[in-house]
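Reader: Could you walk me through this structure, one question at a time? I'd like the reasoning along with each answer.

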Amino acid sequence: MPTAPSASSALPRTFRLVAGCAVLGLTLALSACGGSSDEPSTDGPQKVTMWMMKDSVTKEYLDRFKKDFAATHKNVTLDVQIQEWDGIGEKVTAALASNDAPDVIEVGNTQVAQYAASGGVKDLSDKKADLKGDDWLPGLAEPGNIDGKQFGIPWYAANRVVIYNKDHFEAAGIKAPPKTREEWITITEKLNKGKNQGIYLPGQTWYTLAGFIWDEGGDLAVKDGKNYKGALDTPEALKGMEFYKQLQALGKGPKDSDEAKPNLADVVSKGDVSQYIAVPGNVKLVEEANPALKGKFGFFPVPGKTADKPGASFTGGSDLIIPEASKHQDAAYEVIKAFTGEKWQTDMAKTMSYVPNKTSFAKALDGDAGGAAMAAAAANGRATPNSPEWAAVEATNPIKGYMTAVLTGKDMAAEAKKASDNITKTLTK
Amino acid sequence: MSLTLPRALPRTYRPYLLIAPAVAGAAYLLVYPLVRNIVISFQRYGMGELIRGDAKFVGFENYQKILGDGEFWTVVWRTLWWTTLNTALIMVIATLVALMIQRLRKVMRILVMSGLVLAWASPVIATTTVFQWLFASRYGVVNWVLVHLGFESYENYSWFANGPATFAILVVLIVWQSVPFAAITIHSALITVPTELYESARLDGASGSRMFRSITLPILRPIFGLVLSLEIIWTFTCFAQIWAISKGGPDGSTTTLPVYAYQIAQSLHRYDLAGAASTVTVLILVVMLIAYARQMFKEEADL
Amino acid sequence: MTTTAPTTTLPGTARAASAAPAATAREPRRLLRRLPLNLAALLTFVLSVFPVYWMVTTAFKPTQDIQADTPLFFPTSFTLDHFSKAIAADGFWMFWRNSLFLTFSSVLMALVVALGAAFAVARLRWHGRRGFYLLVFMAQVAPWGSLLIPMYIIARDTDMLDKLPMLTLIYFMINLPFTIVTLRSFLVGIPVELEEAAQVDGCTRAGAFRRITFPLLAPGLLSTSLFGTITAWNEFAYANMLIIKSQDDRSLPVWLSSFSNVFGTDWGATMAASTLFALPVLILFLVLQGRVAAGMTGGAVKG
């Protein structure tokens with residue numbers, strides 16, 4: 001449609017009005033939420049923001065800590081933000097690269113190395129003496145240490161054990177926890193009756209699978225020359241998966257999901273789960289969700305192939321870091337010092353049944369059933385392959401896809417080969 | 001940035017002033033990031049570089065790596081298949097629905113239109129969550145219906161553990177979300193066809209299919225072009241639904257290009273490779289749409 | 001399943017049911033002939049409404065009904081538990097307010113800026129017009145999913161991280177190209193002669209625009225702003241990436257995603273949250289339904 005030339009001769013006032021609105025809108029938009037986050041760091045109490053992972057500690061423990069910390073540190077206010085594990089890599093990276101990062105961040109021991117290597121984390125080597133870090137757990141201290149510099153401060157560790165419902169065991173006439181895999185399968189079959197789930201094992205708990213694979217003498221990835229390569233397709237690893245499949249079938253765990261979705265503690269708190277695999281502290285969360293289950297749970301280490309040795313288990317844990325971009329690094333260090341010091345480590349060991357960050361604190365676990373089971377399991381504790389790229393494998397996690405494929409009836413050998421190739425590719429990137 | 005227009009200003013400047021805010025916005029929020037993305041695609045840019053900001057140029061290394069990776073091409077083909085399948089289904093179903101609405105009486109028409117608008121208006125995140133619930137392995141309605149139709153094997157079936165099944169669910173979701181817009185738009189165009197045209201054609205003894213071909217189709221052509229190109233863009237670049245439902249899995253079977261680029265960037269922290277992948281993605285999309293853009297410019301004398 | 005639909009409580013259906021008997025009495029044979037068509041219409045209605053219906057009813061059902069072995073298609077008992085659980089979640093109203101602010105401000109900006117640009121393209125002659133429009137058209141395919149990292153870098157370097165206005169600007173930019181393209185086609189579709197005739201009748205130029213063009217443009221403004229609203233209301237990736245430390249500035253989609261993490265398979269609470277999330281947009285759409293359809297016609301027909 002040809003436009004009459006006269007149309008362009010003058011602009012309607014509306015447009016000027018509208019244009020004015022645009023500027024107004026823009027300014028409004030820019031000013032409306034401006035000074036929300038920054039506050040001067042000179043006078044008054046400093047606000048320290050800490051990122052803590054969901055379910056790391058109970059609310060009760062955290063409240064206790066906060067109260068005590070506020071009483072002893074008048075110049076610091078602590079704001080704890082709870083983060084989800086799902087998608088945490090992106091979030092921590094975004095935080096480390098920002099100009100105003102959270103001041104303390106909890107990072108998993110398998111992930112701390114890549115952050116430390118990135119240059120966004122404050123070097124805390126000179127604090128090691130102050131923190132008396134000579135007997136830190138190596139499984140936590142080493143991943144946080146790059147080229148002799150200590151970036152990650154060990155916080156807590158935990159091995160996964162089998163948690164069982166004592167009432168269910170009694171009702172099924174089971175006197176003692178199983179010592180071997182065969183016994184374990186037998187009693188689980190017995191428990192898996194009626195409304196009860198013999199064992200709640202989601203299909204994608206890959207570190208549980210890792211334990212079974214280690215028991216068979218295999219591994220997730222092995223060093224081949226200077227690179228790592230995936231090893232899920234070795235005969236040993238396939239045997240481990242075979243056992244996982246057998247066990248997983250004795251309950252209603254979703255085949256296509258891990259323990260976060262649905263939340264493990266929520267599932268167990270419904271009361272129909274006879275056994276599940278988790279760190280002992282998980283029971284505290286279950287009891288918090290459903291007080292009726294208080295005192296109902298017992299613990300035993302994941303049974304091994306033979307009765308003389310418990311099954312291998314994955315040692316998980318967390319380090320605490322201070323981002324370079326934190327604006328309150330000194331105050332942040334105060335928070336770390338409190339969390340990793342004797343008082344709160346001992347409290348944590350008792351409350352959460354975690355392994356404290358130093359061997360000298362370990363006596364705090366004496367007399368704790370979960371702690372005893374964990375100590376037994378820890379004797380055969382293992383870690384993920386020590387490659388700086390391992391975090392990338394966890395981020396896309398081909399192991400999870402592999403497990404789901406096998407559990408839903410795909411060919412195990414072919415899927416294992418595919419997943420292994422995938423791991424190899426990620427580790428050599 | 002003042003947008004008021006002084007009266008004395010020569011009239012030739014006015015159009016440029018009018019587009020100035022759009023251009024300024026695009027320069028800061030679209031062109032600059034795009035250029036930045038292209039620059040990154042020629043650098044070594046990982047987590048360390050993002051944090052420290054000391055990236056080195058590596059030439060075409062990232063492109064070589066991406067283009068030489070078999071997985072990338074699998075993803076490209078999957079994306080094209082995904083786009084074709086979705087847009088074809090959307091266009092066919094939407095046209096049928098539009099033609100159906102045209103023939104309906106008032107009450108039914110309002111009913112169907114309300115339903116379509118309801119589906120259209122529901123926020124993607126909400127409906128995506130609903131679809132997960134519909135296909136949930138336990139208590140999911142779909143499994144229940146299938147079991148009661150006699151397919152016993154769907155008892156507690158895990159849809160999202162199976163590649164083709166997840167792909168199919170995503171197609172259903174996208175089609176369900178997209179058909180209302182397309183159908184309503186096509187229907188709106190249909191009712192602009194003067195009824196006299198049909199009447200005179202009927203008097204001339206034209207059959208129904210003949211009338212569809214020689215009257216309806218030509219009039220619908222421009223709108224088909226528009227809807228088609230929009231649907232291509234939307235399904236090709238669709239990310240949120242796939243990410244929310246499957247994160248590209250299981251086993252990569254629902255990984256399309258946008259998901260692929262996101263995985264490389266966010267999970268592997270290889271922003272350089274992701275930059276290269278997304279640059280290639282844009283090129284593919286532009287090539288796909290260039291035909292439409294040319295057609296549009298040819299048809300509109302006004303441009 | 002289709003035949004059971006009229007017994008639902010949806011307003012549209014009730015009308016359909018009451019209108020049916022009269023028609024049956026009058027012309028049974030004709031109705032029979034129209035049966036397949038009406039059945040197809042009903043099927044379309046049920047298919048498009050069911051997911052939304054299921055979301056809302058699940059949100060109101062007691063948990064034991066949600067987890068019933070036989071799904072309850074027509075809930076017998078209602079509870080508000082899930083809603084109170086959703087609302088009681090930390091900061092719900094704050095996130096609601098944030099989303100409202102983001103949506104409103106970005107849509108308003110896009111409309112205002114696009115109107116100027118669309119006017120320049122549709123009504124004025126100037127050098128670079130074709131090129132500008134081509135770029136706007138192409139900007140619709142901008143790979144927003146892959147611009148996350150560059151946008152993050154830009155936001156960081158201009159100190160706009162953790163600030164809602166940055167998201168406003170991004171949503172504005174995401175919506176701008178589509179808004180310009182649509183508004184342009186509306187403007188082109190409004191004959192300049194109308195304005196001129198009004199001027200002859202004694203209107204000023206501005207008055208002519210306000211009284212003649214603007215009302216005709218209203219459906220276009222309406223439909224583009226609805227589109228913008230949906231985009232901004234739904235956006236997740238940028239909101240998740242650019243709001244890092246100031247958690248009070250999170251938007252509803254980010255909250256909803258963490259909600260499904262927090263509540264796991266508590267589908268009742270998740271569906272309640274989804275319903276609350278969908279509600280504003282649904283209301284907006286249903287109120288404006290007729291105008292939206294009309295709006296799409298005007299814009300789309302001209303392509």
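Reader: Which residues of chain C does the UniProt annotation "transmembrane region" cover?
Author: Happy to start there, with the reminder that this is a predicted model. The annotation comes from an unreviewed UniProt entry. In chain C it covers residues 35–56, 100–120, 132–155, 167–192, 212–233 and 267–288.

Reader: How far apart do the end C-alpha atoms of residues 212–233 of chain C lie?
Author: A useful companion is the span 100–120 of chain C, which is 100% helix and 0% strand, with its end C-alpha atoms 30 Å apart. Residues 212–233 of chain C are likewise 100% helix and 0% strand. Their end C-alpha atoms lie at a separation of 32 Å.

Reader: Which helix gives the largest share of the side of chain B that touches chain C?
Author: The contact draws 77 residues from chain B and 80 residues from chain C. On the chain B side, 16 residues come from one element, the largest share. That element is helix α1 (residues 14–41) of chain B.

Reader: How many charged residues does that side of chain B have?
Author: Sorting the side of chain B that touches chain C by class gives 59 nonpolar and 14 polar residues. The charged residues there number 4.

Reader: Turning to chain A, what percentage of its contacts with a separation of 6 or more comes from residues 24 or more positions apart?
Author: Some background helps: chain A has 17 helices and 14 strands, and buried residues make up 51% of its 429 residues. For contacts in chain A with a separation of 6 or more, the share from residues 24 or more positions apart is 76%.

Reader: Why is strand β12 (residues 313–321) of chain A described as largely enclosed?
Author: Burial here takes 20 or more other C-beta atoms within 10 Å of a residue's own. In β12(A), 9 of the 9 residues are buried, so the strand is largely enclosed by the rest of the structure.

Reader: Which strand pairs with β12(A) in the parallel sense?
Author: Let's go through the partners. Strand β3 (residues 104–108) of chain A is antiparallel to β12(A) over 4 bridges, with Gly108(A) bridged to Ser318(A). Strand β6 (residues 153–159) of chain A also runs antiparallel to β12(A), joined by 6 bridges, and Asn159(A) stands opposite Thr315(A). The parallel pairing has 2 bridges, among them Ser313(A) with Gly381(A), and the partner is strand β14 (residues 381–382) of chain A.

Reader: How many residues of helix α8 (residues 206–216) of chain A are buried?
Author: The buried residues include Trp206(A), Phe212(A), Trp214(A) and Asp215(A). Among the elements covering the buried residues of α8(A) are α9, β12 and β14 of chain A. Just after α8(A) comes Gly217(A), with a positive phi near 95°. Within the helix, which is mostly covered, the buried residues number 10 of 11.

Reader: What is the class of the residues in the contact of α9(A) with α17(A), nonpolar, polar or charged?
Author: Helix α9 (residues 235–248) and helix α17 (residues 412–427) of chain A pack at about 120° with axes 11 Å apart, in a right-handed crossing. Ala237(A), Leu238(A) and Met241(A) in α9(A) meet Met412(A), Ala413(A) and Ala416(A) in α17(A). By class, this contact has no polar and no charged residues, and the 6 residues counted are nonpolar.

Definitions and conventions. Residues are numbered from 1 along each chain as its sequence is written. Chains are lettered from A and ligands numbered from 1 in the order in which they are written. This is a predicted model: local features need pLDDT of at least 70, side-chain atom pairs count only at pLDDT 80 or more; totals for chains, interfaces and linings use all residues. UniProt positions are given in the numbering used here, feature names are shortened, and annotations may be inferred rather than shown by experiment. Two residues are in contact if their C-beta atoms, placed from the backbone, lie within 7 Å. Ala, Val, Leu, Ile, Met, Phe, Trp, Tyr, Cys and Pro count as nonpolar, Asp, Glu, Lys and Arg as charged, and the others, Gly among them, as polar. A residue is buried if 20 or more other C-beta atoms lie within 10 Å of its own, exposed if 12 or fewer, and partly exposed in between; C-beta atoms are placed from the backbone. Two strands pair if DSSP finds at least two bridges between them. Axes are lines fitted to C-alpha atoms, for helices over the stretch in contact, and angles run from 0 to 180 degrees between N-to-C directions. A crossing is left-handed if the near helix is turned anticlockwise from the far one by less than a right angle, and right-handed if clockwise.
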